[in-house]
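This briefing sets out selected features of the structure shown below, grouped by topic for use at the bench.

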Amino acid sequence: MMWEVWFKILMVLILAPIGGAVLMGIDRILTARMQRRVGPPLLQPIYDVFKLLGKEPILLNRIQVIYAFLHLAFIVLSVIFLVMGQDLLMLLFIIAFANIALILGGMSVRSPYSRIGSQREILQMVAYEPILVLMVVGIYLVTGSFLASDIASSGRPLLFSLPLIFVAFLLVLTVKLQKSPFDLATSHHAHQEIVKGITIEYSGPYLAILEIAHFYKVALLFIMLMLFWLPNIYIALALAAGCYFLEIVIDNAFARLTPIWMLQYMWTVGLGMAFTNIIWLYMGRGL
Amino acid sequence: MTKLAKSPWVVHYNCNSCNGCDIEIVACLTPMYDLERFGILHVGNPKHADVLLVTGSVNHRNVRVLRNVYDQMPDPKVVVALGVCTSSGGIFADCYNVYGGVDKVIPVDVFVPGCPPRPEAMIDGIVKAAAKLEALRGGAKQGGAEKPKVFMVPPVPKEQA
């Protein structure tokens, strides 16, 4: 029994970053094709990480590195938590911790761009955290449990009960994946935008840590998308892949918003949809 | 190709250039030439970069900035000097404030000739420099590129002039 758990954790540790890297590689190729370019090889994100690991480490202060490692550790922990079917509320706290580590790392240096990036990251957290909490509340109302493992046993796809929350979650996904209307703190495509913001003072192996954390984050969000159609794993995979493609289209089709616009948009449209869905769930129960 | 050569990230510094070379660098990023095919990214931050692209004849005002940008890049790093100004000063060679050559300030690994060089030549230069990144890790010395000795227009004989 025990070794099964360890085996599962080991598989997550190995497969999640590879899956995330391949997804990001597909993202870069599709983005290039949408701009009528050839694009990089599929495994380019992995090449980038290996290159960064081989570079000279340059540090401004040691605390910065501790925060980078904390960010990675909490993101990895969150992926393990989700795959093991643990508490979803706890999962949200772990993801928030990971983000706070990133923000503190950005704040620990004196570069103004890093500070601006960190402040924008805080604004992003303020914008999307309520929607995530409402998503978990919605899941609780449907399945009667906060455990991720109970979603699979409920039998009915969550998407039927939580359609509006799903759309709100797609908005959150755009922020979390650093996609175009909301890639304010740091961006994977706009390299000159506030000079990579929160990651400006990380270089070489320390930037590689943040990149690996991003691989895990992509895998985490992909699995979270799959939660919405868990009874059938193939449909869940197709749903998650379709949504990821939609995010790439959105990334290429929209210009970047200002931080205040993002906050207004998430708190009106996003929160409104999530609340409507929860009210609808209550009405269905007959209060 | 080896690992380092597979993702050279490029930072560009305009050292008193006339913008001819800079426009051609922008052309390299367009769908026509597409630098990202080689895993090359155009970053704005020297701390993330492996390759420094320099354009223009260096002058006394910006030599300090050029050195600063170069020093901020983590090793291994290479320098690609684009255009004739970076090797000799070009048409600005006789100006009172011009250093005349990037190699007088920082070690240059590849000179790309032309005024401005064609985007194909620039991409070739960056790829050659990326191949040198791996050699640098093996203990090779930085810099020491040979200056181009190509005349785009052959010199006119004296009797005809």
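In this predicted model, B:Val10 has B:His42 of strand β2(B) as its bridge partner. The strands concerned, β1 (residues 9-14) and β2 (residues 41-42) of chain B, run parallel and are joined by two bridges. The points below start from this pairing, then turn to the contact between the chains, the nonpolar cores and one helix of chain A.

**Strand β1 of chain B and its surroundings**

- Five of the six residues of β1(B) are buried, which leaves the strand mostly covered.
- A second partner of β1(B) is strand β3 (residues 51-55) of chain B, with five bridges in the parallel sense.
- Within β3(B), B:Leu53 is the residue that stands opposite B:His12.
- Helix α2 (residues 20-29) of chain B combines with β1(B) and β2(B) in a β-α-β unit, and this unit is right-handed.

**Contact between chains A and B**

- Chain A contributes 26 residues to the contact, and chain B contributes 19 residues.
- On the side of chain A that touches chain B, helix α2 (residues 44-53) of chain A supplies the largest share, namely five residues.
- The class composition of that side of chain A is ten nonpolar, eight polar and eight charged residues.

**Nonpolar cores**

- In soluble globular proteins, nonpolar side chains tend to be buried together.
- The largest nonpolar core in the model comprises 76 residues, and those with the most contacts inside it are A:Ile75, A:Val79, A:Ile131, A:Val172 and A:Tyr216.
- Helix α9 (residues 205-226) of chain A provides 16 residues, the largest share of this core.
- Leaving aside residues up to four places away in sequence, A:Tyr216 touches A:Ala16, A:Pro17, A:Gly20, A:Ile75, A:Val76 and A:Val79.
- A second core, separate from the first, has 40 residues, among them B:Cys28, B:Val110, B:Phe111 and B:Met122.

**Helix α3 of chain A**

- Helix α3 (residues 62-83) of chain A contains 22 residues and spans 32 Å from its first C-alpha to its last, close to the 32 Å expected at 1.5 Å a residue.
- Buried residues of α3(A) include A:Tyr67, A:His71, A:Phe74 and A:Phe81, as well as A:Ile75 and A:Val79, two of the residues with the most contacts inside the largest core.
- The cover over the buried residues of α3(A) includes α1 (2-34), α4 (88-107) and α9 of chain A.
- A:Gly85, just after α3(A), adopts a positive phi of about 70°.

How values were computed:
Residues numbered from 1 in each chain as written. Chains lettered and ligands numbered in written order. Predicted model: local features only at pLDDT ≥ 70, side-chain atom pairs only at ≥ 80, totals over all residues. Buried ≥ 20, exposed ≤ 12 C-beta atoms within 10 Å, placed from the backbone. Helix = DSSP H or I, 4+ residues; strand = E, 2+ residues; numbered from the N terminus. Pairing = 2+ DSSP bridges. Right-handed = clockwise from strand over helix to strand, strands pointing away. Contact = placed C-beta atoms within 7 Å. Nonpolar A, V, L, I, M, F, W, Y, C, P; charged D, E, K, R; others polar. Core = buried A, V, L, I, M, F, W, Y, C linked by C-beta atoms within 7 Å. Expected span 1.5 Å × (residues − 1).
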